[in-house]
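Please take a moment to look at the sequence and the fold together, and then follow the paragraphs below from one packed element to the next.

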Amino acid sequence: MSGRVSFICNDVAVVVDVAADESLLSVLRERLGILSPKDGCAPQGQCGCCTVLVDGSARVACVTPALRVAGRAITTLEGLEPERRDHLASAFVASGGSQCGFCTPGIVMRAAALLTNGPPAQAALDRALAAHLCRCTGWQTIYEAIEGVGTAARPERDFDVASARAALEGGVAQRVASDVPLGAGSFSDDCAPRNALVAVPASSDTGAGSEAAAGLRWVLAPSLHEARTRAAKVQGRRTTIDERPPLPLPEEPRGGVRLATSWVEPAYLEPDASWCEPGGEPASPLANGGAFGGKEASPVPEAARELANRHGRAVRVVFAREDVVRLGPKRPPIAASAVCNGSNVTVRGVVAGDASAFLTPIDWPYALSVDEHWTSTEVPGPPTASHLRAVGLAERAVLVEGALHEAGVERHALLRDDRAGAVLLDTCVAGWGGAVAGARVNIANDTGAVTGIEARVAAGDPLDDVVLRSYAIGASHMALGWLLTEALAVAPDGEVRDLTIRSFGIVRAKDTPPITVTILDEPGPPLPRSSDAVFAAVASALWNALARNGGRPDSFPARGTRAARALRR
């Protein structure tokens, strides 16, 4: 049953006819055209991207029934006092607390409520950020942004140069500007005409009445709410089955290391979306950021093109969070071993699915011979991709560094040049783009908890230290989760069972250890994908640190370690 609801939105009285089960987020975005609240997981209420103020208190709009806000005051970013909004945006840009800018509108709104009575206590800030997820930044720069709101004037920066560094890291165009933390990143679904026909993936129960395009079946309707209703969209859920590496561990090599990894979700916050006019070019789902490679083969642009041409009108194609998890590519699980014998490392491994990145040569920073042999095998499970962040680089670096550690090799004696020596901490990794990174992970002897991460990176001309540091921190945070907490539960038949965004195991804001990044200012051109090298270096350093503090785990995520338990308490 539908109803009529009246409320105040950004100081303007509005009256809207809504469906009985329609959310406040749907009303704001689809009915009123207010696009700063983002749909990252609706209606799971777990990512915080759609946070708005209801009578001054922060609320997640995707789980707030529209009929419940009758007579109340709703404030979005568009309705904040301009000076307050500008101070918040400036702080996020200055710290690097916003990269793609999809999650930050919700975080900014939470910060606006939190800062009403002055600077928050640490515990209050931790509680506030517990309602949010950010995949890009690794949290530290978000803390710095909120704690730095209203401080002294920021040094001038060239945002074009900063954008160039962001594009080098993400592999696609990414804009750095004062409006990006406010959600103005020109995301595809924000730019789609609201009168377009909406297409969403059909569920297994809605084959009748659906249409085929780009290899999938789609349900079309005049509105997003109606399309998802017709498609019988399944609410995201968390399974009770355990995650497990799909490939068996190899025999334990004498004096070496072995490793099996699980399915891992890239967990970019902006779901795949595109739109297209008949005869036109579809909008890219990568409007402001690379999604860690997770959208490079997304079917949504081609589906938008096919459906627009078929129906003779604009078509908007939108994934829900559950669609991203079911259909999007995952990090390929591996099972492998490595042994160091003097100046030679032998690596033998199997990859579930796409193994192409494991066959790409690595320019190792050490004067040693790495003899690798990788094979691919098919196992039931979601699709995999080699173009995700540091795939093939991190896994191989972890194995080689682990083998060096087990053999007691002194790394300084193996370094090929002074540049690698300048970044070497406990590990050193050369990325495919020419950047080099080193890392050290500190673990408390008494608790086993990770107490700090250090990273050094040489990426040619840094262009913009704020952006490069933010990417390095984000990569360190992702490496921490990959080893200790992140995995998807996949049933023996290959069905992904973990569909809620919180079930991915992303390390929470309050549990993220301090991350220190040192950037070398090098001569020469700026080098791409330095954050891939940081990811691999931090992962390698962490695995070796675990070996020194309680024993080396032979599977990722190593949820049974004290370090992992400290993050998941």
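Contact here means heavy atoms within 4.5 Å. The model is a predicted one, and with that meaning of contact in mind we can begin with a pair of helices. Arg 84, Leu 88 and Phe 92 in helix 2 meet a set of residues in helix 3 that includes Thr 104, Ile 107 and Val 108. Sorted by class, this contact holds seven nonpolar residues, one polar residue and one charged residue.

Two packed helices are described by the angle between their axes and the distance between the axes. For helix 2 (residues 82-95) and helix 3 (residues 104-114), the angle is about 120° and the axes are 11 Å apart, which makes helix 2 oblique to helix 3. The crossing of helix 2 and helix 3 is right-handed.

Helix 3 also leads us to a sheet, since helix 3 lies across strand 3, strand 4 and strand 5, running at about 35° to strand 3. This open sheet has five strands in the order 2-1-5-3-4, with mixed pairing, and its edges are strand 2 (12-18) and strand 4 (57-60), each of which pairs on one side only. Strand 1 (residues 3-9) runs antiparallel to strand 2 and is joined to it by seven bridges; Cys 9, for instance, has Val 12 in strand 2 as its bridge partner.

A further pair of helices remains. Helix 5 (residues 140-147) packs against helix 13 (residues 465-484) at an angle of about 130°, with the axes 9 Å apart, so helix 5 is oblique to helix 13. Their contact has one nonpolar, three polar and two charged residues.

Methods:
Residues numbered from 1 in each chain as written. Predicted model: local features only at pLDDT ≥ 70, side-chain atom pairs only at ≥ 80, totals over all residues. Heavy atoms only, no water. Axes fitted to C-alpha atoms, helices over the stretch in contact; angles between N-to-C directions. Helix = DSSP H or I, 4+ residues; strand = E, 2+ residues; numbered from the N terminus. Parallel < 35°, antiparallel > 145°, perpendicular 65-115°, else oblique. Nonpolar A, V, L, I, M, F, W, Y, C, P; charged D, E, K, R; others polar. Left-handed = near helix turned anticlockwise from the far one by under 90°. Pairing = 2+ DSSP bridges.
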